[in-house]
Amino acid sequence: MSERELIKKITLSAISIVLIYFFTAFISIKMPLGSGYINLGDSCIFLSSIILGPLLGPLSAILGSLFADLTNGYPFFIPFTILAKGLESLICCSLYPRLTKFKILSLILGSLAMILIYFLSYYLLYGNSGLISSLFDLIQALVNIPLGLIFIKFYRVYQKHHHSY
């Protein structure tokens with residue numbers, strides 16, 4: 001990897017962390033019972049995963065989401081967030097380039113992994129009363145998947161017309 005490519009990767013990683021943090025922490029709706037929040041951060045996770053690949057994609061997803069948990073008052077979710085967002089990103093960036101048709105499946109499977117991990121976290125933290133929060137995660141996925149596809153499409157068009165990265 002050339003020095004220029006390395007600088008681009010580092011820059012894109014930093015931008016991804018900030019976008020994931022912003023879309024997670026500030027474009028969000030708090031859920032009842034203090035069990036997290038619905039946000040648009042996953043759409044940025046999908047985009048950064050596809051751009052950055054299996055190392056920097058999950059790292060950016062984890063760091064952006066972790067900082068959002070810290071600033072939104074959910075530090076106890078950080079271990080679950082590391083697993084949920086890291087796995088979501090890893091699944092997305094691993095499957096997306098391999099799928100010739102139905103690339104959306106990579107985003108769906110990544111989202112399902114995130115939902116499952118948070119489902120387990122709600123059960124461990126809140127018992128049965130926290131399980132309703134998984135419905136909010138499902139809603140979050142249903143909003144973020146199409147938004148993520150739009151972001152990816154815009155990036156691909158930009159990339160094609162600007163011959164960069």
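In this predicted model, the axes of helices α4 and α5 come within 10 Å and cross at roughly 155°. Because of that angle, α4 counts as roughly antiparallel to α5. The crossing itself is right-handed. On the α4 side, the residues making the contact include Ile104, Leu107, Ile108 and Ser111, while those from α5 include Ser133, Ser134, Asp137 and Leu138.

Let's stay with α4 for a moment. This helix covers residues 104-126, 23 residues in total, and spans 32 Å from its first C-alpha to its last, close to the 33 Å expected at 1.5 Å a residue. Several of its residues are buried, among them Ser106, Leu107, Gly110, Met114, Tyr118 and Tyr122. What covers them? The cover for the buried residues of α4 includes α2 (41-71), α3 (78-95) and α5 (133-162).

One residue of α4 worth visiting is Ile115. With a relative accessibility of 13%, Ile115 counts as buried, because the cut-off for that word is under 20%. Setting aside residues up to four places away in sequence, Ile115 touches Ser134, Asp137, Leu138 and Ala141. Ile115 and Ile38 are 77 residues apart along the chain, and their C-alpha atoms are separated by 12 Å.

Now look at what comes before α4. The loop between α3 and α4 holds Phe102. Most residues other than glycine have a negative phi. Phe102, however, has a positive phi near 60°. Is Phe102 buried or exposed? It is exposed, with a relative accessible area of 66%.

Positive phi values also turn up at glycines that follow helices. Here are the three residues with their angles:

| Residue | Place | Phi |
|---|---|---|
| Gly73 | after α2 | near 85° |
| Phe102 | loop between α3 and α4 | near 60° |
| Gly127 | just after α4 | about 70° |

Next comes α2. How far apart are the end C-alpha atoms of α2? Although α2 has 31 residues, those atoms are only 14 Å apart, short of the 45 Å that a straight helix would reach at 1.5 Å a residue. If you follow the helix along, you will find a bend of about 145° at Gly53, and a proline, Pro54, follows within four residues. As for its surroundings, 23 of the 31 residues of α2 are buried, so this helix is largely enclosed by the rest of the structure.

Ser65 is a residue of α2. Its relative accessibility is 2%, so Ser65 counts as buried. Apart from neighbours within four places in sequence, Ser65 is in contact with Ile20, Ile45, Thr81 and Lys85.

Like α4, helix α2 packs against α5. Here the angle is about 40° and the axes are 7 Å apart. That angle makes α2 oblique to α5. The contact is made by residues including Gly41, Asp42, Ser43 and Cys44 of α2, together with Gln140, Asn144, Phe151 and Tyr155 among those of α5. The crossing of α2 and α5 is right-handed.

To wrap up the tour, a few places to find in the viewer are the right-handed crossing of α4 and α5, the bend of α2 at Gly53 and exposed Phe102.

Conventions:
Residues numbered from 1 in each chain as written. Predicted model: local features only at pLDDT ≥ 70, side-chain atom pairs only at ≥ 80, totals over all residues. Heavy atoms only, no water. Helix = DSSP H or I, 4+ residues; strand = E, 2+ residues; numbered from the N terminus. Expected span 1.5 Å × (residues − 1). Buried < 20%, exposed > 50% of the residue type's maximum accessible area, 1.4 Å probe, protein only. Contact = heavy atoms within 4.5 Å. Bend = angle between axes of the 7 residues up to and from the residue. Axes fitted to C-alpha atoms, helices over the stretch in contact; angles between N-to-C directions. Parallel < 35°, antiparallel > 145°, perpendicular 65-115°, else oblique. Left-handed = near helix turned anticlockwise from the far one by under 90°.
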